[in-house]
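Visitor: Please take me in for a close look at the loop with the cis prolines. After that, carry on to any other backbone or side-chain details that deserve a look.

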Amino acid sequence: MDFTKPFNVTKEVWWDGPFYTEGPLVDRYGNRYFTTLTGGRILRAESTGEPVVWASSMCPNGQAMLPCGDVLVCDSREAALKRFDSAGRFLKDELKGHCAGERVQVPNDVVVDSDGGFYFTDSVRDDGKVFYKGADGSEHLLASGLDFPNGLVWAPQSRTLFVAESYRNRMLALSQRQKKVTDAYRIFATLPKHGSGLSEANLPDGVALDVWGNLWIAHYGMGALRVLDGQGKLVATIPTGIPLTSNLCFLCFAPLTIMVTGGFGEPGPGQVILITIEQSMSS
């Protein structure tokens, strides 16, 4: 996708409901998942079907799929990473309340790496943290002192973890030098600021990486998706129509189709939309 050339955007409301949504996920079979946070439900739909309740949790937030097909779900109220099997049956808490000897308060988002370990954020003001738990059970604190670390994505080619730091309106990059331990972070990009000057009108949230190496960010307070290139340059802004845009995942890349979550307030109502982006024929 060349964002220096004209492109067309179409949007479709896929789901409307009483609760703000998060945690968009698609599996290898095209099944779609999302969470309803205070609604306490994880919904699932086959690619051509309607969403139905797949599992329940107290406050399910971000989620990720393990190589075996089990799903990890951040429960922000239980301070836990919960594991469900492919049928939505709860298996166990992968961790609860603590990781790497540190207190865990509000698990927000999670991403799995190629080794079967997972990174997750603990979203609190001023002393938010980023953790890693390996498939071997080892636990690591990767970053602390962050102001509400939120969405994150793992870039395997550059072995970089990108993290949204919401209240500083920026993206951080943690470059991995060893197999499982990540060094100090750097600022990858600072996002455009809302004209009001209010930090809560910014708030980068969920993030995703496309096949062209672009980093996509759900800009919660701006109701938009931001697209950064590999050097952190803003190359596109796509309004979603959802005032509080929380997260995104890619359903396919030809054409580029994105599932976007969020809502009109918290705890609701919420919405899930599908955005399709195609290069203009005139380009």
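Guide: Strands here are DSSP runs of E, at least two residues each, numbered from the N terminus. With that in hand, go to the loop between strand 25 (256-263) and strand 26 (270-279), where you'll find Pro267. Keep in mind that you're looking at a predicted model. The peptide bond leading from Glu266 into Pro267 is cis, with omega near 20 degrees. Stay in that loop between strand 25 and strand 26, because Pro269 sits there too. Its peptide bond, coming from Gly268, is also cis, and there omega is near 0 degrees.

From there, swing over to some backbone angles. Leu37 isn't a glycine, yet it has a positive phi of about 45 degrees. You'll find Leu37 in the loop between strand 3 (32-35) and strand 4 (41-45). Buried or exposed, this Leu37? At 10% relative accessibility it falls under the 20% cut-off, so Leu37 counts as buried. Arg159 makes a good companion: it is another residue other than glycine with a positive phi, near 50 degrees. Arg159 belongs to the loop between strand 16 (149-155) and strand 17 (160-165). Its relative accessibility is 31%, so Arg159 counts as partly exposed.

Now for some polar side chains in strands. Start with Gln63, which is part of strand 6 (residues 60-65). Its relative accessibility is 5%, so Gln63 counts as buried. What does its side chain find there? A polar atom of the Gln63 side chain lies 2.7 Å from the backbone oxygen of Gly23. If you skip the neighbours within four places in sequence, Gln63 is in contact with Gly23 itself, plus Leu25, Tyr33, Phe34, Thr35, Ile42, Val71, Leu72, Val73, Asp109 and Val110.

Hold on to Val71, Leu72 and Val73, since those names come back in the contacts of Lys82. Lys82 is in strand 8 (residues 80-84). With a relative accessible area of 8%, this lysine is buried because that value is under 20%. Its side chain makes a polar contact of 3.0 Å with the side chain of Glu78. Another polar contact, at 3.4 Å, joins the side chain of Lys82 to that of Ser57. Ser57 turns up again when you list what Lys82 touches beyond four places in sequence: alongside it are Val71, Leu72, Val73, Asp75, Phe90, Lys92 and Asp93.

Last stop: Asp122, in strand 13 (residues 118-122). Its relative accessibility is 0%, so Asp122 counts as buried. Look at where the acid points: the Asp122 side chain reaches the backbone nitrogen of Val106 at 2.5 Å. Val106 is also one of the residues that Asp122 touches once you drop those up to four places away in sequence; the others are Arg103, Val104, Gln105, Pro107, Gly128, Lys129, Phe131 and Pro149. For a sense of the fold around this spot, check Glu165: it is 43 residues from Asp122 in sequence, and the C-alpha atoms are 11 Å apart in space.

A quick recap of the polar side chains, if you want to click through them again: Gln63 pairs with the Gly23 backbone oxygen, Lys82 with the side chains of Ser57 and Glu78, and Asp122 with the Val106 backbone nitrogen.

Key: Residues are numbered from 1 along each chain as its sequence is written. This is a predicted model: local features need pLDDT of at least 70, side-chain atom pairs count only at pLDDT 80 or more; totals for chains, interfaces and linings use all residues. Side-chain values use heavy atoms; hydrogens and water are left out. Helices (H or I, at least four residues) and strands (E, at least two) are DSSP runs, numbered from the N terminus. Buried means under 20% relative accessible area, exposed over 50%, partly exposed in between (1.4 Å probe, protein chains only). A polar contact is a pair of N or O atoms within 3.5 Å; within protein, one must be able to donate a hydrogen and the other to accept it, and residues adjacent in sequence count only if both atoms are side-chain atoms. Contact means heavy atoms within 4.5 Å.
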